[in-house]
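Me: I should like to go through the reasoning behind several labels attached to this structure. Please set each value against the criterion that it has to meet.

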Amino acid sequence: MSGEIPADLLYTKDHEWVRPGPSEVTVGITAFAVEQLGDVTLVNLDVKVGDTLTAGKAFGTIESVKTLSDLYAPVAGKVVRINGDLATHPELVNEDCYGKAWMIAIQPQDPKATSALLDPKAYAAHVQSA
Amino acid sequence: MIDSPPRRTSLYEEHVKLGARMVPFAGWEMPVQYTGIVDEHVTVRTAAGAFDVSHMGELRLRGDHASHVVDYLVTNDAKKLVDGQAMYTCACNESGTILDDLIVYRRSAIDWLVVCNASNRAKMSAHFARAAKDHCDFEDQSDATALIALQGPRAFDVLAAAGPEGAALSALKSFTFRDTTLAGVRCTVARTGYTGEDGVEIFCPWNDAPIVWRALFAAGQPIGIKAIGLGARDTLRLEPRLSLYGNDIDETTNPLEAGLAWVVKLDKGDFVGRDALQKIKSAPLARKLVGFEVTGRGIARHGYPLRDLAGSEVGICTSGSPAPTVGKNIGLGYLPSAMTAVGTTFFVDCRGKNVEAVVVPTPFYKRRAT
């Protein structure tokens, strides 16, 4: 019941995915996280473009019918884009968590910051033990 | 409390087969969802859903004085019931706050069934046993009794498809019950529920529940019957504003402020809590449980503070959720009486964020008359 774990992404123990890019990384939540949440009804991204994020600090919340979870910045850096569609279409998270439901894009402070993240194999093992 | 492993109902294997996610609840391992809360919610509003509620408590009181004992412990007037009729009620303590909410069933003047919440079973079992002592026989039948709720506009179609005895149940009136046989299992079937929809609750011997459950699913398959977990049970009960013990009502709340005055019959004769409730009723209520809609961006949750528009904490949210049928984020909460008029605006403190909400009429949802 681990859900899909795309091979080209990196992961956090909080069940977020990170797509590394040349100058920025995009961030979302994994299929495992979505499965745990159930029907997502509200995504609150409490940051704006230009904000500086600290790794591990909350940048928003995601709520399903039953529960609320914090969203944590996987790396430190500057917010360069925010997915505004999620404010009005939280169901995108259930439909396409690795695509249309990306949440924010961060320009990492340290370009090597992503090396601290889990590779797909390590994340799969983490999900197994969850 | 002793930390013992959660118990399983006799339907545990059925839940696992249906892909349920099991969670601990009131000492039991229960299904919280199968296909998803919204899908299950919609199924009950449009077709039929089956719930395993075997964890609930069944107390039996028998003997010449059973009627008197039951009536003395509940706030509603049990003397008004006829054989085969059931009634929703509260049971209060001497200070007029709520020990539990119950359905009491009069099988006959000398044979009563009381169904209590799973979380209150030990307390209510002891409470009824104490009152019954020297007056009537008391038996806690919870461990021997399974309970399946079948709810939804097509619940009676499912029963009809299950056989002639099932078909005959459509003659039951709301809040009445009868003994019958379903799939060869002797059952007691009541036209009651906790969803705001039409439907029944089926009591049967503990180990026979899988037979009844599988028969309902076989009969209901063409109708689209689904299993419904605790998650949807909560959203389904919130829309018609049915109280949840431990959330909206408990031993710190009284039925009058909780909007349950309709089950408090002060003139019915003596009962536990009457003097206190009489006194509470003689003065204006300090606070009331109201329904509200969150108009800002947020979802109210149990335990969130409620604030007036100046930001002062004035109340508490007791239940809150997105409401799939209503299509809004709704909730229940206690507010000072002066703030309970429909249209009053206030804030729900969603983890430090003040989100606007407005008092609305309840129930949030009422099914269309059939």
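Me: What makes I148(B) a contact of V212(B), and which other residues, leaving aside neighbours within four places in sequence, is V212(B) in contact with?

Reply: The model is a predicted one. Two residues are in contact if their C-beta atoms lie within 7 Å. Leaving aside neighbours within four places in sequence, V212(B) is in contact with I148(B), and also with L182(B), A183(B), V185(B), C187(B), I202(B) and C204(B).

Me: What makes V212(B) stand out in the largest nonpolar core?

Reply: V212(B) is listed with L61(B), V114(B) and I148(B) as the residues with the most contacts inside this core, which has 139 residues. Helix α7 of chain B, residues 209–220, gives the core its largest share, six residues. At least three residues come from each of domain 1 and domain 2 of chain B. In soluble globular proteins, nonpolar side chains tend to be buried together.

Me: How do you know where domain 1 and domain 2 of chain B lie in the sequence?

Reply: The bounds come from an automatic or database domain assignment. For chain B that assignment gives 12–53 + 144–238 as domain 1 and 284–360 as domain 2. The C-alpha centres of these two domains of chain B are 32 Å apart. Their contact takes seven residues from domain 1 and six residues from domain 2. On the side of domain 1 that touches domain 2, α2 and α8 of chain B each supply at least two residues, and α2(B) gives the largest share, four residues. That side has three nonpolar, two polar and two charged residues.

Me: What makes up the side of chain B that touches chain A?

Reply: Eleven residues of chain B and nine residues of chain A take part in this contact. On the side of chain B, the elements giving two or more residues are α2 (37–46), α8 (230–238) and β16 (313–323). By class, that side has four nonpolar, five polar and two charged residues.

Me: Why is chain A called as compact as a globular protein of its length?

Reply: The globule rule gives 14 Å for 130 residues, and the radius of gyration of chain A is 13 Å, close to that value; chain A is therefore as compact as a globular protein of that length. Chain A has four helices and nine strands, and buried residues make up 41% of its 130 residues.

Me: Why is A26(B) called partly exposed, and why is R351(B) called exposed?

Reply: A residue is exposed if 12 or fewer other C-beta atoms lie within 10 Å, buried if there are 20 or more, and partly exposed in between. A26(B) has 17 and is therefore partly exposed. R351(B) has 11 C-beta neighbours inside 10 Å, so R351(B) counts as exposed.

Me: What makes the backbone at A26(B), at R351(B) and at P363(B) worth noting?

Reply: Most residues other than glycine have a negative phi, and most peptide bonds are trans. A26(B), in the loop between β1 and β2 of chain B, has a positive phi near 50° and is not a glycine. R351(B), in the loop between β18 and β19 of chain B, also is not a glycine and has a positive phi of about 50°. The peptide bond from T362(B) to P363(B) is cis, with omega near 0°, and P363(B) is found in the segment after β19 of chain B.

Methods: Residues numbered from 1 in each chain as written. Chains lettered and ligands numbered in written order. Predicted model: local features only at pLDDT ≥ 70, side-chain atom pairs only at ≥ 80, totals over all residues. Nonpolar A, V, L, I, M, F, W, Y, C, P; charged D, E, K, R; others polar. Rg over C-alpha atoms; globule rule 2.2 N^0.38 Å. Core = buried A, V, L, I, M, F, W, Y, C linked by C-beta atoms within 7 Å.
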